[in-house]
Amino acid sequence: MNSPLLQLNAEALSEMSNSWRARLINSLPGYKSGMLVGTYESGSANLAIISSHFHLGSNPALLGMILRPDTGKGERHTLHNVLKTECWTLNGFRLDSAAQAHQTSAPYAKNVSEFSACGFDAEWRIGTDAPYVKSSPLQVGCRLREHQALNINGTHLLIGEVTALYCAADAQRDDGSLDLAKLDLATVSGLDTYSEPGKSRRFDLARVDTPLREQ
Ligand SMILES: Cc1cc2nc3c(=O)[nH]c(=O)nc-3n(C[C@H](O)[C@H](O)[C@H](O)COP(=O)(O)O)c2cc1C
């Protein structure tokens, strides 16, 4: 039997409880990259799961992320550290580390490192002033290039230039791209679901005058 259609308009959305609406709207961007963001400031290492990453450009190599504002109720350690040190790491993780990765979203006190609280080892690499996750199959170092507090809701846009990248060399395909399945990277949906993508299809560059070729 076909499921009935869920239909909502702006008014229905505004009448929902905050937590119901948050869970619903967080599901809408679909499957996202879940990366552990490593930062450091004044002797204290910090690690937090963030899923709002996006590609902004390849030359220079730019990645963006959106961080929630400091509301006064809770401290935003990643935001604070990035604005102070202008440096952070992105660390992919495997599905078998999802529980530890999810636990980094708990509001630990500033002097508690999520690395030790959640069972991750920190790895320092020359040239990056922030800690990587040692077990991570994909480690990316970023240096802050632009920061904007967005007028619409006070969230922070942080744009970083990729300054370092570490992963298994055999995950790189002949065309330069990475085979993320070979790295066993988990993906995130909503605020609570972690998955390992199973099926995929790849295509050549789409052109107007040539039939599309599947690889
Ligand atoms: C799956 C998932 C994705 C998240 N994505 C974001 C995000 O994109 N931006 C954000 O500000 N917080 C996000 N969070 C919430 C942070 O992980 C959480 O606020 C954390 O406590 C921040 O830690 P910090 O204060 O050490 O920076 C996410 C949480 C989960 C569970």
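Here is a short conversation about the fold of this predicted model.

Tutor: Welcome! Residues are numbered from 1 along each chain as its sequence is written. In this predicted model, local features need pLDDT of at least 70, side-chain atom pairs count only at pLDDT 80 or more, and totals for chains, interfaces and linings use all residues.

Student: How many helices and strands does the protein have?

Tutor: Both are DSSP runs numbered from the N terminus: helices are H or I with at least four residues, strands are E with at least two. On that basis, the count is five helices and twelve strands.

Student: In which order do the seven strands of the open sheet run?

Tutor: Two strands pair if DSSP finds at least two bridges between them. The edges are strand 3 (44-50) and strand 4 (54-58), each pairing on one side only. With antiparallel pairing, the order is 3-2-6-9-10-5-4.

Student: Which residue in strand 6 stands opposite V37?

Tutor: Strand 2 (residues 35-41) and strand 6 (residues 87-91) pair in the antiparallel sense over three bridges. Opposite V37, strand 6 places L90.

Student: Why is the protein as compact as a globular protein of that length?

Tutor: The radius of gyration is taken over C-alpha atoms, and the globule rule is 2.2 Å times the number of residues to the power 0.38. For 215 residues the rule gives 17 Å, so the protein counts as that compact because its own value is close, at 19 Å.

Student: What share of the 215 residues is buried?

Tutor: A residue is buried if 20 or more other C-beta atoms, placed from the backbone, lie within 10 Å of its own. Buried residues make up 24%.

Note on methods:
Buried ≥ 20, exposed ≤ 12 C-beta atoms within 10 Å, placed from the backbone.
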